[in-house]
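Here are my notes on the model you sent round. Please read them with the coordinates open.

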Amino acid sequence: MLAMNQADDVFLRQAIRLAMTARGRVEPNPMVGCVLVKDNRVIGQGCHSQFGGPHAEPFALTAASESTQGATAYVTLEPCCHTNKKTPPCAPRLIEARLARVVVGCVDPNPEVNGRGLAMLRGAGIDVEIATGALAAESRQLIAPFMAVTRFARPYITLKWAQSADGKVAGAGGTPLAISNSLATQQVHQLRAACDAILVGINTVLSDDPMLTARGVEGARPLRRIVLDSRLRIPLTSGLVRSAAEGGLEVFFTPTGFSDADPDKIKQLLSAGVELRSADELDRRICLPKLFSTGK
């Protein structure tokens with residue numbers, strides 16, 4: 001077994017950069033990159049670029065410019081070995097390619113893999129190295145959404161807010177006040193475009209009247225718009241309700257809040273195209289741990 005060296009760091013980091021180019025297009029699958037190197041030359045590379053499409057390893061093998069016998073594969077995630085998925089397993093493909101060595105960024109948290117892919121490679125006589133330190137951390141960050149679902153049975157959640165240097169998020173008395181600039185706004189919309197849903201509480205709706213869309217970004221994922229509104233206080237005149245029929249809107253409420261709400265307003269919300277969803281409550285508020293649980 002050979003220890004990782006400086007060249008390994010360079011090529012694995014290249015695989016990480018490749019994986020990142022597919023952000024927003026592969027989820028709920030993990031982002032994965034693969035670089036094939038022979039005699040210190042890159043002879044093939046690729047990433048998992050589309051959900052349901054080829055994984056990074058077969059993509060790189062197909063793109064190889066010469067024989068892969070004796071080459072090293074740098075893969076950000078342990079090659080899969082299970083068949084309970086849309087595409088064939090990758091570890092056998094690497095074995096068929098007669099590689100000499102595989103350098104892996106991190107182990108797959110999926111219980112159906114989780115070391116079995118590495119064991120399959122080693123059993124075929126391939127030298128296997130697992131990254132440590134910063135490269136391992138960066139490789140795990142690539143699969144953070146996948147890990148949240150697989151290991152913690154919940155969605156991967158990104159919190160977004162803007163605040164001033166002295167810790168303020170609004171103007172005097174809570175009045176809306178623009179803090180960030182146009183560049184930050186653009187980055188926020190790019191972040192939204194790579195997500196499955198955007199969720200806010202009712203107070204954000206009441207104070208800002210947001211639209212919860214990803215604007216000015218090409219190739220955005222279909223975005224679910226969700227409001228947590230235990231007592232169904234969302235205004236019928238809000239931009240979200242007025243656009244519900246076209247853009248979709250899910251409003252989560254508590255059973256207590258639903259029973260206290262105006263029946264006529266409930267009918268109007270439903271007529272506007274709003275999807276009303278009941279959520280477990282805790283102290284008359286929506287229980288977030290239950291709401292975010294995937295039930296696994």
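1. Nonpolar surface patch. In this predicted model, I157, L159, W161 and V169 make up a nonpolar patch on the surface. Together they offer about 460 Å² of accessible area. W161 sits in the loop between α6 (144-152) and α7 (182-193). Its relative accessible area is 55%. W161 therefore counts as exposed, the cut-off being over 50%.

2. Overall figures. The protein has 13 helices and 11 strands. Along the principal axes, its C-alpha atoms fill a box of roughly 70 × 40 × 35 Å. Of the 296 residues, 41% are buried. The protein exposes about 16000 Å², and carbon and sulfur atoms supply 53% of that area. Take the contacts between residues at least 6 apart in sequence: 69% of them join residues at least 24 apart.

3. A long span. How far apart in space are D39 and F253, C-alpha to C-alpha? The distance is 61 Å, with their positions 214 residues apart in sequence. D39 lies in the loop between β1 (33-38) and β2 (41-47). D39 is exposed, at 63% relative accessibility.

4. Aromatic pairs. A search of the whole structure gives 2 aromatic pairs. One of them joins F11 and Y74, with centres 5.4 Å apart and planes at 40°. The F11 and Y74 pair is classed as tilted, because stacked needs planes under 30 degrees apart and edge-to-face needs over 60. The pair links distant parts of the chain. F11 belongs to helix α1 (residues 6-20) and Y74 to strand β3 (residues 72-75), 63 residues apart. Both rings belong to buried residues: F11 has a relative accessible area of 9%, and Y74 has 4%.

5. Salt bridge E66 to R41. The structure holds 10 salt bridges. In the one between E66 and R41, the closest N and O atoms are 3.0 Å apart. This pair links distant parts of the chain, 25 residues apart. E66 is in the loop between α2 (56-62) and β3, while R41 is in strand β2. E66 is partly exposed, at 31% relative accessible area. R41 is also partly exposed, at 37%.

6. Salt bridge R101 to D127. Here the side chains meet at 3.4 Å, N to O. R101 lies in strand β4 (residues 101-104) and D127 in strand β5 (residues 127-130), so the bridge ties together parts that are 26 residues apart in sequence. Are these two partners buried or exposed? R101 is buried, with 8% relative accessible area. D127 counts as buried too, at 16%.

7. A salt-bridge network. The side chains of E250 and R224 meet in a salt bridge at 2.7 Å, N to O. E250 is in strand β8 (residues 250-253) and R224 in strand β7, 26 residues apart. E250 is buried, at 7% relative accessibility. R224 is partly exposed, at 43%. Salt bridges that share partners join R224, E250, E275 and R277 into one network.

8. A buried serine. S238 is in the loop between β7 (224-228) and α9 (239-242). Its relative accessible area is 4%, so S238 counts as buried. Which backbone oxygen lies 2.9 Å from a polar atom of the S238 side chain? That of P235. Leaving aside neighbours within four places in sequence, S238 is in contact with V205 and D209.

9. Backbone geometry to check. Most residues other than glycine have a negative phi, and most peptide bonds are trans. A cis peptide bond joins E27 and P28, with omega about 15°. P28 is in the loop between α1 and β1. L212 has a positive phi of about 60° and is not a glycine. L212 sits in the loop between α8 (202-208) and β7, and is buried at 2% relative accessible area. R284 also has a positive phi, near 70°. R284 is found in the loop between β10 (281-282) and β11 (285-286).

Note on methods
Residues are numbered from 1 along each chain as its sequence is written. This is a predicted model: local features need pLDDT of at least 70, side-chain atom pairs count only at pLDDT 80 or more; totals for chains, interfaces and linings use all residues. Side-chain values use heavy atoms; hydrogens and water are left out. Rings of Phe, Tyr and Trp (its six-membered ring) pair if their centres lie within 6.5 Å; planes under 30 degrees apart count as stacked, over 60 as edge-to-face and the rest as tilted. Helices (H or I, at least four residues) and strands (E, at least two) are DSSP runs, numbered from the N terminus. Buried means under 20% relative accessible area, exposed over 50%, partly exposed in between (1.4 Å probe, protein chains only). A polar contact is a pair of N or O atoms within 3.5 Å; within protein, one must be able to donate a hydrogen and the other to accept it, and residues adjacent in sequence count only if both atoms are side-chain atoms. Contact means heavy atoms within 4.5 Å. Patches are made of residues with over 30% relative accessible area and no salt bridge: like charges are joined within 9 Å, nonpolar side chains (Val, Leu, Ile, Met, Phe, Trp, Tyr) within 5 Å. Accessible areas come from the Shrake-Rupley method with a 1.4 Å probe; for residues, only the protein chains shown count as cover. A salt bridge is a side-chain nitrogen of Lys or Arg within 4 Å of a carboxyl oxygen of Asp or Glu.
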